[in-house]
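Work through the following exercises with the coordinates open, and treat each solution as a chain of steps to be checked against the atoms.

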Amino acid sequence: MKSEKIIKPANGYLMLVIVLILFFGSIVFSIQQENPIYILITVISFIGFFGFILVNPNTSKVVLLFGKYVGTIKENGLYWANPFFRKKAISLRASNFDSERLKVNDKLGNPIMISTILVWRVTDTYKAAFDVDNYENFVRVQTDAAVRKLASMYPYDNFADEGHDEDITLRSSVNEVSEALEKEIDERLTIAGIEVLEARIGYLAYANEIASAMLKRQQATAIVAARHKIVQGAVEMVEMALYELNKRQIVELDDERKAAMVSNLLVILCGDKEASPIVNAGTLSH
């Protein structure tokens with residue numbers, strides 16, 4: 001048998017009444033009549049107490065008879081079965097697993113620290129019990145392996161200025177990366193009869209040896225982007241100022257004076273500090 005088999009043994013409450021009657025009744029009759037047959041019934045009924053199986057909600061019992069798989073009890077309640085059955089409990093509840101922070105290389109070879117949060121549960125008790133040695137340890141090992149593989153498939157961040165412009169990155173594409181991670185882990189855990197309910201990255205950062213350098217790089221990229229916006233806005237403002245002066249004929253400027261005006265406006269608009277105006281009380285030439 002290579003698949004799960006659901007069984008439902010005898011009602012435990014009914015069997016409890018029967019075993020109690022046989023046990024105490026055989027004791028009473030053995031004392032009164034001193035017949036050895038009642039002692040044998042007492043021993044057999046005592047062994048019957050080991051046949052009770054209690055299944056709590058969202059748990060299961062895998063039943064074996066001398067090494068042979070008999071079936072799995074998933075419905076909660078009190079049952080009675082062969083006292084020689086060996087019972088192994090397997091939880092069907094959803095479980096959380098927070099992996100350790102792993103140091104791996106991303107697609108561009110940058111060392112990063114990454115961990116994942118996994119929500120899983122057992123769906124096939126036969127595979128969980130017999131196809132892997134320890135299904136809980138199997139979840140931990142395969143999750144770490146899947147995270148390492150995922151990190152090598154995507155870069156941590158985009159580096160468009162260096163020619164590395166990726167559609168999906170570990171830092172910005174959270175949903176896409178989570179879907180890929182969930183699919184990868186689910187494929188690995190299918191052999192153990194385990195269903196992946198959710199898988200997400202719990203921690204993501206550059207490794208300590210490059211974290212400072214990458215922070216400076218991000219700051220420089222932000223500064224360049226901000227300067228680009230400032231210069232673009234300043235050029236548009238200068239263009240608008242020249243257009244309005246010419247349209248309203250407030251003052252006529254030759255090319256040399258236009259160049260000086262453009263230079264002064266760009267210095268004022270693009271500078272980090274506020275400009276100190278100088279009032280010219282003379283002519284335009286002085």
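**Exercise 1.** Leaving aside its neighbours within four places in sequence, which residues is Val-122 in contact with?

*Solution.* The model examined here is a predicted one. Once the neighbours within four places in sequence are set aside, Val-122 is found in contact with Ile-90, Ser-91, Leu-92, Ala-128, Tyr-135, Gly-193 and Ile-194. The next step is to place Val-122 in the largest nonpolar core, which has 36 residues, and where Val-122, Tyr-135 and Ile-194 are among those with the most contacts inside it. Elements that each supply at least two residues of this core include strand E9 (111–122), helix H4 (135–153) and strand E10 (194–206), and the largest share, seven residues, comes from H4. Apart from this core lies another, of eight residues, among them Val-55, Ile-73, Tyr-79 and Phe-85.

**Exercise 2.** Determine how H4 is oriented relative to H5.

*Solution.* Begin with the axes of H4 and H5, which come within 9 Å and cross at roughly 140°. Because angles over 145 degrees would count as roughly antiparallel, this crossing makes H4 oblique to H5. The crossing of the two helices is right-handed, and the residues making the contact include Phe-138 and Gln-142 of H4 together with Leu-181 and Ile-185 of H5.

**Exercise 3.** State the strand order of the open sheet of three strands.

*Solution.* The order is E1-E5-E2, with antiparallel pairing; strands E1 (10–11) and E2 (52–55) are the edge strands, each pairing on one side only. Two bridges join E1 to strand E5 (residues 77–80), and the bridge partner of Ala-10 in E5 is Trp-80.

Notes. Residues are numbered from 1 along each chain as its sequence is written. This is a predicted model: local features need pLDDT of at least 70, side-chain atom pairs count only at pLDDT 80 or more; totals for chains, interfaces and linings use all residues. Side-chain values use heavy atoms; hydrogens and water are left out. Two strands pair if DSSP finds at least two bridges between them. Helices (H or I, at least four residues) and strands (E, at least two) are DSSP runs, numbered from the N terminus. A nonpolar core is a set of buried Ala, Val, Leu, Ile, Met, Phe, Trp, Tyr and Cys residues joined through side-chain atoms within 4.5 Å. Buried means under 20% relative accessible area, exposed over 50%, partly exposed in between (1.4 Å probe, protein chains only). Contact means heavy atoms within 4.5 Å. Axes are lines fitted to C-alpha atoms, for helices over the stretch in contact, and angles run from 0 to 180 degrees between N-to-C directions. Angles under 35 degrees count as roughly parallel, over 145 as roughly antiparallel, 65 to 115 as roughly perpendicular and the rest as oblique. A crossing is left-handed if the near helix is turned anticlockwise from the far one by less than a right angle, and right-handed if clockwise.
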